[in-house]
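Below is a colleague's note on a single model, set out as numbered points for checking against the coordinates.

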Amino acid sequence: MTRPTILTGDRTTGPLHIGHYAGSLANRLRYQDSHEQFLLLADTQALTDNAHDPEKVRRSVIEVALDYLAVGIDPARSTICLQSHLPALAELSMLYLNFVTVARLERNPTIKDEIRARGFGRDIPAGFLCYPAAQAADITAFKATIVPVGEDQAPLIEQSNEIVRRINATAGRAVLPEARAVIPKAGRLPGVDGKAKMSKSGGNAIALSASPDEIRRAVRAMFTDPDHLRVEDPGRVEGNVVFTYLDAFDPDQEGLAALKAQYRRGGLGDGKIKARLEAILQELVAPIRDRRAKLAEDRAYIFDVIREGTQRARERTEATKRDVVSALGLFEL
Ligand code: TRP
C-alpha cells in the first residue's frame with residue numbers, strides 16, 4: 001500500500017506562530033506516519049507580495065524550517081523542500097498559465113479578498129494575481145491528493161483542480177490527479193487583539209519562539225469582552241479571544257465548559273481566565289522554544305535538511321513535469 005501524498009506549505013515571510021500550530025502544525029505531526037508528506041518553504045510565493053523585501057523572504061526560510069523542526073517535524077519522515085530551488089514548479093507554472101484566464105484569476109475569492117484587503121486595485125503584481133496557477137503547479141508537481149489548508153485557501157485548491165481537468169482533457173488521459181482540501185475543524189485563530197487574522201505583520205501574533213515575557217504580555221493585553229467591567233458582571237464568551245484560544249489549546253475541555261458557564265453567569269474575572277491561558281501557552285511554547293534555540297546553533301544541519309529535502313523533491317517534481325510535457329504531446333528533445 002502506498003501512502004497518500006500530502007503537500008502543504010508556508011510562505012516564508014516570518015517565523016510561525018501559535019495560530020499555525022493550532023491550524024496546521026499539529027496535524028502535520030500526525031500525518032508523518034500515515035502519509036507521504038512534503039512541506040514546501042514557499043519563498044517564491046512569498047515574493048509575490050514581498051518583492052520590496054527579498055531579504056525578509058530569504059531570512060524567513062531558515063526561520064520557518066526551524067519552526068518545523070522545533071515542533072517535531074522529522075526530516076526522515078517528512079520532506080522539507082525549498083520552492084525557489086525546484087525549477088519544475090516554475091516551469092509547470094508557466095505552462096498552467098495557458099490553462100487559466102485572467103478573468104478566472106480575478107474571480108478567485110482568495111485573490112479578490114486579498115486585492116481588497118491590501119488596496120492593490122489594478123496595481124496588483126502580476127505574480128500575485130497568478131499565484132493560484134503557481135500553487136496548482138506546487139500541488140500537482142508532487143501529485144498530491146490531499147492539501148491541508150486554512151479555509152481561506154479552499155478556492156485555490158478548487159482552481160487547481162480546474163486546471164488539472166483542463167490539462168487532463170487536453171492530454172486525453174488523467175496525467176494529473178485532483179486534490180482534496182482538508183480544512184482543520186478548529187478554524188483560524190484570531191489575533192490577540194481580536195482581529196480576524198493572527199499575523200506577524202499585524203503585530204497580533206504569539207510566535208512559536210516567543211519568550212516567557214512576550215507570552216505574558218500578549219495574554220495580559222488580550223481582547224476579552226469590552227462590556228465585562230466588573231467580576232460580578234455576566235460576560236460574553238463568543239468573540240472573547242481568551243476563550244477562543246482556550247478552545248484551541250486547553251487540554252481540560254470539561255473544566256473549560258464549566259468556566260464558560262461561570263463567566264456567562266458572572267463572578268469570574270478576566271484575570272483568572274487569562275492566568276489559565278497563560279499557563280497553558282507557556283507550557284506549549286517552552287519546549288518548542290528550547291528545541292528551536294538549540295537547533296538554531298547548528299545552521300549547517302538546517303541547511304542539510306533543506307538541501308536533502310529539496311533534492312528528493314526535485315526528483316519527484318521533474319518526473320511530473322516530464323509526464324505533463326509528454327502527455328500534452330509537446331516537443332521533446
Ligand atoms: N498559500 C499558502 C499560504 O499562504 C502557502 C503555499 C504555497 C501552499 N504553496 C502551497 C499551501 C501548496 C499548500 C499547498 O500559506
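The points that follow concern the ligand site and the salt bridges.

1. This is a predicted model, in which local features need pLDDT of at least 70 and side-chain atom pairs count only at pLDDT 80 or more, while totals for chains, interfaces and linings use all residues. Residues are numbered from 1 along each chain as its sequence is written, and side-chain values use heavy atoms, with hydrogens and water left out.

2. The residues around the ligand (a heavy atom within 4 Å of it) include Leu-7, Thr-8, Gly-9, Arg-11, Leu-40, Ala-42 and Asp-138. By class, this shell divides into 5 nonpolar, 5 polar and 2 charged residues, where Gly counts as polar.

3. Three glutamine side chains make polar contacts (N or O atoms within 3.5 Å) with ligand nitrogen: Gln-45 at 2.8 Å, Gln-135 at 2.9 Å and Gln-153 at 2.9 Å. The ligand taken alone exposes 370 Å², of which the protein buries 89%, by the Shrake-Rupley method with a 1.4 Å probe.

4. Two or more shell residues come from each of β1 (5-11), β2 (36-42) and α8 (131-141), as assigned from DSSP runs (helices H or I, at least four residues; strands E, at least two). The largest share, 4 residues, belongs to β1.

5. The structure holds 31 salt bridges, each a side-chain nitrogen of Lys or Arg within 4 Å of a carboxyl oxygen of Asp or Glu. One of them joins Arg-104 to Glu-162, with the closest N and O atoms 2.8 Å apart. Because Arg-104 lies in helix α5 (residues 102-107) and Glu-162 in helix α9 (residues 154-171), the pair ties together parts 58 residues apart in sequence.

Methods:
A polar contact is a pair of N or O atoms within 3.5 Å; within protein, one must be able to donate a hydrogen and the other to accept it, and residues adjacent in sequence count only if both atoms are side-chain atoms.
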